[in-house]
Number of protein chains: 2
Amino acid sequence: MSHTPGVRQAQKQKTRQALLDAALGLLEEQSLSSLGLREVTRAVGVAPTAFYRHFHSTADLGVALVEEALGSLHPMIRTTMAPAEDDDERIARAVELIAGHVAAHPAHVRFVARERHGGVQPVRRAIREQLARFAEEVQAELATDASAAGWSETDLRMLAGLYVDQMLITASLFLETLDAPEDERRRAVETARRQLRLISVGRRHWLD
Amino acid sequence: MSHTPGVRQAQKQKTRQALLDAALGLLEEQSLSSLGLREVTRAVGVAPTAFYRHFHSTADLGVALVEEALGSLHPMIRTTMAPAEDDDERIARAVELIAGHVAAHPAHVRFVARERHGGVQPVRRAIREQLARFAEEVQAELATDASAAGWSETDLRMLAGLYVDQMLITASLFLETLDAPEDERRRAVETARRQLRLISVGRRHWLD
DNA sequence: AATTCCAGAGAACAGTTGTTAACTGCATGG
DNA sequence: CCATGCAGTTAACAACTGTTCTCTGGAATT
């Protein structure tokens with residue numbers, strides 16, 4: 001049974017969250033492999049040694065950030081992949097959903113895009129595992145779709161992977177155009193839509 | 001007019017190249033933003049101050065590495081996109097070409113994948129510019145293709161961007177499976193082929 | 001042959017880093 | 001109510017960082 005939370009545990013979680021938030025902020029203009037533990041504690045206003053009460057190292061903190069950035073995103077998969085009247089409407093909705101998420105959590109998106117191929121191995125692995133889970137969920141969702149009749153397991157997995165990668169590309173494209181002029185952002189949205197549409201067309205004629 | 005090279009300039013270039021090589025090696029297990037100038041000079045066996053004779057900073061060195069990694073790759077575009085008998089044969093050849101390049105220059109590929117979204121702004125911009133050039137070249141190549149009749153400029157650009165991103169995804173996938181067991185590498189190649197094939201199918205039916 | 005130039009060396013600087021140890025005060029469980 | 005646990009503090013360490021200034025030896029220029 002979980003011990004009664006108490007004031008003690010609450011304060012600890014609060015400090016831990018402050019460390020995560022501060023780190024995420026500092027990571028907007030550097031990579032995790034250059035993030036110092038003292039840098040983080042200084043930003044929070046806490047002694048350097050307090051860091052060790054929460055994380056073994058900055059790499060450890062990075063793994064926690066991956067969980068924070070991607071862990072709560074899984075329920076969104078069903079919503080995104082859910083069927084719609086029009087096929088174009090589904091695409092438009094998905095792109096809008098990604099755009100909204102990027103606007104709401106830019107630092108998290110930046111972190112994932114940056115550290116996916118970054119210099120810290122445990123963090124790379126954590127991201128890879130989360131993305132693999134996404135791919136599995138997308139695959140499961142695709143399998144329920146009527147248009148997936150006759151598709152092999154391998155092809156479904158291939159398509160799911162393509163979708164996940166495309167989501168990341170789209171997200172990081174939107175991130176780059178966050179403070180860009182309006183018309184450039186509209187062009188980015190349009191490009192993302194058309195790319196998904198092309199994949200959609202390929203999907204419909206795959207079994208020819 | 002360029003002054004006669006002489007022994008002097010030759011030695012300088014040699015040291016410069018040694019710095020680039022050492023940096024590339026050190027970047028296999030960290031990001032550019034955490035790469036120290038002393039670290040690089042130590043690896044080469046040269047005084048820290050010698051670094052300044054060649055680069056203003058490690059960011060500057062990073063930009064030079066981008067040039068080295070991507071600059072010489074442009075001629076490869078025509079070869080990759082050149083038409084073939086079979087459409088599947090063109091895809092197989094392109095995938096094989098990417099696989100060969102990754103096997104021949106893994107450190108360069110890793111560097112680009114890592115720093116594309118990395119923590120050093122000038123390097124990100126340098127990579128973005130090179131990739132934009134690639135996209136333009138791919139677009140120009142696509143425009144000559146017979147199957148591109150009736151395509152709008154916007155759609156050609158969209159498709160070119162999709163291809164460039166897909167090349168990078170494929171390259172980094174191959175990089176991850178470089179020391180993986182044989183069957184996993186074969187699966188990676190197969191996945192890459194099918195993804196390109198799906199895009200190809202979408203391309204053929206785009207104007208319906 | 002004399003002079004200039006310049007890649008690289010050497011030493012020193014102030015500031016930073018991760019990690020250790022011993023501590024303090026307060027919420028917790030008996 | 002008292003004893004324990006533990007989040008966070010303080011101080012100190014050796015090692016490292018980027019950058020500066022001064023110097024040197026040999027190639028390049030005249």
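Tutor: A helix here is a DSSP run of H or I with at least four residues, a strand is a run of E with at least two, and both are numbered from the N terminus. This is a predicted model, in which local features need pLDDT of at least 70 and side-chain atom pairs count only at pLDDT 80 or more, while totals for chains, interfaces and linings use all residues. Residues are numbered from 1 along each chain as its sequence is written, and chains are lettered from A and ligands numbered from 1 in the order in which they are written.

Student: By that rule, how many helices and strands does chain A have?

Tutor: Chain A has nine helices and zero strands. Its pattern along the sequence reads α-α-α-α-α-α-α-α-α. The C-alpha atoms of chain A fill a box of roughly 65 × 50 × 30 Å along the principal axes.

Student: What are the domains of chain A?

Tutor: They are domain 1 (6–57) and domain 2 (69–204), with bounds that come from an automatic or database domain assignment. Taken over C-alpha atoms, the centres of the two domains of chain A are 30 Å apart.

Student: What makes residues of the two domains count as being in contact?

Tutor: Their C-beta atoms, placed from the backbone, must lie within 7 Å. In chain A, seven residues of domain 1 are in contact with nine residues of domain 2. The domain 1 side of chain A has three nonpolar, three polar and one charged residues. Ala, Val, Leu, Ile, Met, Phe, Trp, Tyr, Cys and Pro count as nonpolar, Asp, Glu, Lys and Arg as charged, and the others, Gly among them, as polar.

Student: How are helix 1 and helix 3 of chain A set against each other?

Tutor: Helix 1 and helix 3 (residues 58–70) of chain A pack at about 90°, with axes 10 Å apart. Axes are lines fitted to C-alpha atoms, for helices over the stretch in contact, and angles run from 0 to 180 degrees between N-to-C directions. Angles under 35 degrees count as roughly parallel, over 145 as roughly antiparallel, 65 to 115 as roughly perpendicular and the rest as oblique. Helix 1 of chain A is therefore roughly perpendicular to helix 3 of chain A. Leu19(A), Leu20(A), Ala23(A) and Leu24(A) of helix 1 meet Leu61(A), Ala64(A), Leu65(A) and Glu68(A) of helix 3. By class, this contact has seven nonpolar, no polar and one charged residues.

Student: Why are helix 9 of chain A and helix 9 of chain B called roughly perpendicular?

Tutor: Helix 9 (residues 182–204) of chain A and helix 9 of chain B pack at about 95°, their axes 7 Å apart. The range for roughly perpendicular contains that angle, and the term therefore applies to these two helices. Leu198(A), Ile199(A), Val201(A), Gly202(A) and Arg203(A) make the contact from chain A, and Leu198(B), Ile199(B), Val201(B), Gly202(B) and Arg203(B) from chain B. These residues divide into six nonpolar, two polar and two charged.

Student: What is the axis relating chain B to chain A called, and why?

Tutor: A turn of 180° and a shift of 0.0 Å along the axis lay chain B on chain A with an RMSD of 0.0 Å. That is the relation of a two-fold axis. The copies are superposed by least squares on the C-alpha atoms of residues with pLDDT of at least 70 in both. In chain B, Gly202(B) comes closest to the rotation axis, at 1.7 Å (C-alpha).

Student: How do you know through which surface the copies meet?

Tutor: The contact takes 28 residues from chain B and 28 residues from chain A. Of the interface residues of chain B, 100% are also interface residues in chain A, so the copies meet through the same surface.

Student: What makes a residue count as near a DNA strand?

Tutor: Its C-beta atom, placed from the backbone, lies within 6 Å of the strand. DNA strand C has 20 such residues around it, the closest being Gly6(A), Gly36(A), Arg38(A), Thr15(B) and Ala47(B). Around DNA strand D there are 20 residues, of which Thr15(A), Ala47(A), Gly6(B), Gly36(B) and Arg38(B) come nearest.
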